[in-house]
Amino acid sequence: MTTLVRLAKRVPGSGIDAFQGQAGLAGEWSSAVPYGLRGATQALTLAGAYRRGEPACDVIDELSFDDEASVTRCLADPAFRRAWASPLLDPASVACLVVEEHVAKPGAVPASFVKNYELVTKRPDLDRAEFDRYWAQVHGPLAATIPAIRRYVQAHLSPGTMESGTAPYDGLAITWFDDVAAMRAGAATEAYARTRADEANFLAGELPFVITTERVTFPPA
């Protein structure tokens with residue numbers, strides 16, 4: 001399974017409440033995807049996150065396909081590009097990643113949950129293969145010991161995306177929690193401290209993160 005991820009900010013000057021209300025109604029683009037779309041979700045940044053300032057993005061869309069070739073055909077289709085474009089989004093902010101998932105901690109997602117995305121940038125002195133190996137085989141099992149994490153998925157760049165060298169990030173670390181309180185409790189554990197200390201071994205600097213709630217946009221309810 002290959003996933004197309006779009007991260008974006010709202011148009012400058014638009015209100016948060018108005019944006020989230022309108023974004024929640026968007027989703028008609030799914031009828032314009034004839035290339036093996038298997039599922040799609042939309043994650044909106046929690047309203048409380050804006051108290052700390054502007055987050056890294058306001059909305060994250062994930063579209064799951066059979067393979068990378070299906071994503072490539074979809075992105076090349078003018079009908080899809082027109083349908084997926086949104087006047088709600090700042091075009092300069094839109095970033096797309098094509099990724100393949102590595103499940104670092106399997107687990108059922110609670111009926112009510114928050115979903116955290118960390119935007120990953122590799123340490124510049126590491127080559128891609130070593131970065132992916134360390135993230136999956138060393139750091140992943142370490143992070144999986146944080147008890148509050150219900151599920152943890154690493155989104156590694158797809159082969160074609162790596163070859164193109166155009167991705168704005170080197171991957172996404174995606175974790176699910178019962179709620180924000182559970183996230184905070186997890187951050188107070190020794191397992192969390194060990195995990196954060198290990199980041200310097202393969203990552204560059206701080207990880208921008210976005211805490212969201214999510215809804216299914218395809219298949220339609």
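Which ring does the charged end of R6 sit over? The ring of W84 is the one, with the charged end of R6 4.0 Å from its centre. Keep in mind that this is a predicted model. Below is a quick tour of its charge-over-ring contacts, an aromatic cluster, some strand pairing, the largest pocket and a loop residue, V11.

**Charges over rings**
- R6 and W84 make up one such arrangement, at 4.0 Å from the ring centre.
- R151 is placed over the face of W176, and here the distance to the ring centre is 5.7 Å.

**Aromatic pairs**
- Searching the whole structure turns up four aromatic pairs.
- One of them is F131 with W135, a tilted pair with 5.5 Å from centre to centre and 35° between the planes.
- Why are F131 and W135 separated by about one helical turn? They are four residues apart in helix 4 (residues 128-143), so about one turn of the helix lies between them.
- Buried or exposed? F131 counts as buried because its relative accessibility is 0%, and W135 counts as buried too because its value is 1%; the cut-off for buried is under 20%.
- F131 also pairs with F202: the ring centres are 5.9 Å apart and the planes meet at 35°, so this pair is tilted.
- F131 belongs to helix 4, while F202 lies in the loop between helix 7 (190-198) and strand 8, so the pair ties together parts that are 71 residues apart in sequence.
- Both partners, F131 and F202, are buried.
- Put the ring pairs together and you get a cluster made of F131, Y134, W135 and F202.

**Strand 8 and its partners**
- Strand 8 (residues 209-218) pairs with strand 2 (residues 37-45) in the antiparallel sense, over six bridges.
- Strand 5 (residues 114-120) also runs antiparallel to strand 8, and four bridges join the two.
- T212 is a handy residue to click on in strand 8: T45 stands opposite T212, and K115 stands opposite T212 as well.

**A closer look at T45**
- T45 has its place in strand 2.
- How buried is T45? Its relative accessibility is 2%, so T45 counts as buried.
- Once you leave aside neighbours within four places in sequence, T45 is in contact with Q20, Y50, P55, C57, D58, V59, V210, I211 and T212.
- T212, the residue opposite T45 in strand 8, is thus among the contacts of T45.

**The largest pocket**
- The largest pocket holds about 680 Å³ of space.
- Its lining has 32 residues, and N116, E118, M183, Y192 and F209 are the ones nearest the centre.
- Which elements give two or more residues to the lining? Strand 5, helix 4, strand 7 (171-177), helix 6 (180-186), helix 7 and strand 8 do.
- Helix 6 gives the most, with four residues.
- Strands 5 and 8, joined by four bridges, are both among the elements listed for the lining.

**Loop residue V11**
- You'll find V11 in the loop between strand 1 (2-8) and helix 1 (16-23).
- With a relative accessible area of 30%, V11 is partly exposed.
- V11 and A92 are 81 residues apart in sequence, yet 9.4 Å apart in space from C-alpha to C-alpha.
- Not counting residues up to four places away in sequence, V11 touches P87, L88, L89 and D90.

Definitions and conventions
Residues numbered from 1 in each chain as written. Predicted model: local features only at pLDDT ≥ 70, side-chain atom pairs only at ≥ 80, totals over all residues. Heavy atoms only, no water. Pairing = 2+ DSSP bridges. Phe/Tyr/Trp six-rings, centres within 6.5 Å; stacked < 30°, edge-to-face > 60°. Buried < 20%, exposed > 50% of the residue type's maximum accessible area, 1.4 Å probe, protein only. Lys NZ or Arg CZ within 6 Å of the ring centre and 35° of its normal. Contact = heavy atoms within 4.5 Å. 1 Å grid on protein atoms, 1.4 Å probe; cavity = no way out; pocket = protein on both sides within 12 Å on 5 of 7 lines; lining within 4 Å. Points joined across faces, edges and corners; volume = space filled by probe spheres on them.
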